[in-house]
Amino acid sequence: MPHSNSSAQRGRVRLARGASPWLLPTVATAAVSLTRARRSGRWAAVAVPATALAAGMLWFFRDPEREIAQGRVISPADGVVQSIMPWKDGRTRVAIFMSPLNVHVNRAPLAGTVTSVEHIPGGFVPAFNKESENNERVVWHFDTELGDIEMVQIAGAVARRIVPYVPAGTKVEQGERIGLIRFGSRVDIYLPEGVESAVEVGQATVAGVTRIDRD
């Protein structure tokens with residue numbers, strides 16, 4: 001029995017936008033070294049690590065299709081819930097740690113309009129460190145049916161570049177791709193006052209699939 005179009009689409013994996021500066025030189029080096037390895041032992045020694053690195057880059061920059069879940073607030077990131085903290089203004093911050101093995105494309109937690117995308121310079125300590133709150137980051141605000149929703153992409157020790165996909169003023173659908181963080185990093189989502197978290201510390205999340213809030 002043939003699969004439906006939706007099933008086929010969910011099985012597709014593409015490469016993330018913003019991967020080119022890292023991916024193209026790596027793949028090109030691997031291709032050249034493999035070609036020349038047939039005639040030179042020195043190139044053969046280069047081809048093995050170059051090919052392994054290229055394969056790792058292709059895996060890291062994968063961007064699979066997702067069937068977006070139902071719910072008021074869904075996870076913007078693949079990863080593990082690092083902390084759930086009440087904020088002074090009544091909101092609840094859910095911090096999601098993304099390891100280098102996770103998909104690093106982030107998605108809109110709700111449908112709405114992007115009201116601001118602010119890049120804030122900072123440090124590059126490991127994303128699981130408390131001091132990572134002062135790291136390089138991009139602060140997003142969305143105008144949604146729940147009011148203003150804040151999301152923060154935080155760079156890690158290796159992640160030195162955050163790539164927003166959409167500018168302020170853009171209307172986005174829930175689960176739509178909105179940006180990429182290269183390598184290990186963290187994403188924080190702030191639930192508005194009165195909205196409880198449905199996830200727990202240590203729980204794995206999938207961007208566009210895991211529901212963050214509780215009815």
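Leaving aside its neighbours within four places in sequence, which residues is R161 in contact with? The legends below take this predicted model one view at a time, and the first view holds the answer.

**View 1. R161 sits in a loop between two strands.**
Start with the loop that runs between β8 (147–155) and β9 (162–164), where R161 is found. Once neighbours up to four places away in sequence are set aside, R161 touches L180, I181 and R182. R137 is 24 residues away from R161 along the chain, and the C-alpha atoms of the two are separated by 8.9 Å. Is R161 buried, partly exposed or exposed? Its relative accessibility is 45%, so R161 counts as partly exposed.

**View 2. The whole protein, before we zoom in again.**
Here you can trace three helices and 13 strands. The protein has 215 residues, and 43% of them count as buried. The exposed area of the protein is about 11,100 Å², with 57% of it supplied by carbon and sulfur atoms. Now look at the contacts between residues with a separation of 6 or more: 69% of them join residues 24 or more positions apart.

**View 3. An open sheet of eight strands.**
Follow the strands across the sheet in the order β10-β6-β7-β8-β12-β4-β3-β13; their pairing is antiparallel. Which strands stand at the edges? They are β10 (171–172) and β13 (204–205), and each has a single partner strand, so one side of each has no neighbour in the sheet. As helpful background, strands of a sheet pair through backbone hydrogen bonds, either parallel or antiparallel. At the β10 edge, strand β6 (residues 112–120) is joined to β10 by two bridges, and the two run antiparallel. To find one of these places, look for T113, whose bridge partner in β10 is K171.

**View 4. Strand β11 and the strands that pair with it.**
How many of the five residues of β11 are buried? Five of the five are, so β11 is largely enclosed by the rest of the structure. Strand β5 (residues 105–107) runs antiparallel to β11, and three bridges join them. Within this pairing, R107 has R177 of β11 as its bridge partner. β9 also pairs with β11 in the antiparallel sense, over three bridges. Here P164 is matched with G179 of β11.

**View 5. The largest nonpolar core has 32 residues.**
In soluble globular proteins, nonpolar side chains tend to be buried together. In this core, the residues with the most contacts inside it are V94, W140, F142, M151, V166, V172 and I178. The elements that give two or more residues to the core are β4, β7 (137–144), β8, β9, β11 (177–181) and β12. Centre your view on W140 and you will find a long list of contacts beyond four places in sequence, including V114, V117, I149, M151, P164, V166 and I178.

**View 6. Two aromatic pairs.**
A pair of aromatic rings is described by the distance of the centres and the angle of the planes. This model has two such pairs. In one of them, the ring centres of W87 and Y190 lie 5.5 Å apart and the planes stand at 75 degrees, so this pair is edge-to-face. The pair links distant parts of the chain, 103 residues apart: W87 is in the loop between β3 (79–86) and β4 (92–98), while Y190 belongs to strand β12 (residues 185–191). W87 is partly exposed at 31% relative accessible area, whereas Y190 counts as buried at 8% relative accessibility. The other pair is W140 with F142: their ring centres are 5.9 Å apart and their planes are at 5 degrees, so this pair is stacked. Both W140 and F142 are buried.

**View 7. A polar contact in strand β12, from R186 to D188.**
R186 is part of strand β12. With a relative accessibility of 2%, R186 counts as buried. Its side chain makes a polar contact with the side chain of D188, at 2.8 Å.

**View 8. F61, in the loop between a helix and a strand.**
Our last stop is the loop between α3 (41–60) and β2 (62–64), which holds F61. At 0% relative accessibility, F61 counts as buried. From C-alpha to C-alpha, F61 and R17 are 8.5 Å apart in space, and they are 44 residues apart in sequence.

How values were computed:
Residues numbered from 1 in each chain as written. Predicted model: local features only at pLDDT ≥ 70, side-chain atom pairs only at ≥ 80, totals over all residues. Heavy atoms only, no water. Helix = DSSP H or I, 4+ residues; strand = E, 2+ residues; numbered from the N terminus. Buried < 20%, exposed > 50% of the residue type's maximum accessible area, 1.4 Å probe, protein only. Contact = heavy atoms within 4.5 Å. Phe/Tyr/Trp six-rings, centres within 6.5 Å; stacked < 30°, edge-to-face > 60°. Areas by Shrake-Rupley, 256 points an atom, 1.4 Å probe, with all protein chains shown as cover. Polar contact = N/O pair within 3.5 Å; in protein donor to acceptor, adjacent residues only side chain to side chain. Core = buried A, V, L, I, M, F, W, Y, C linked by side-chain atoms within 4.5 Å. Pairing = 2+ DSSP bridges.
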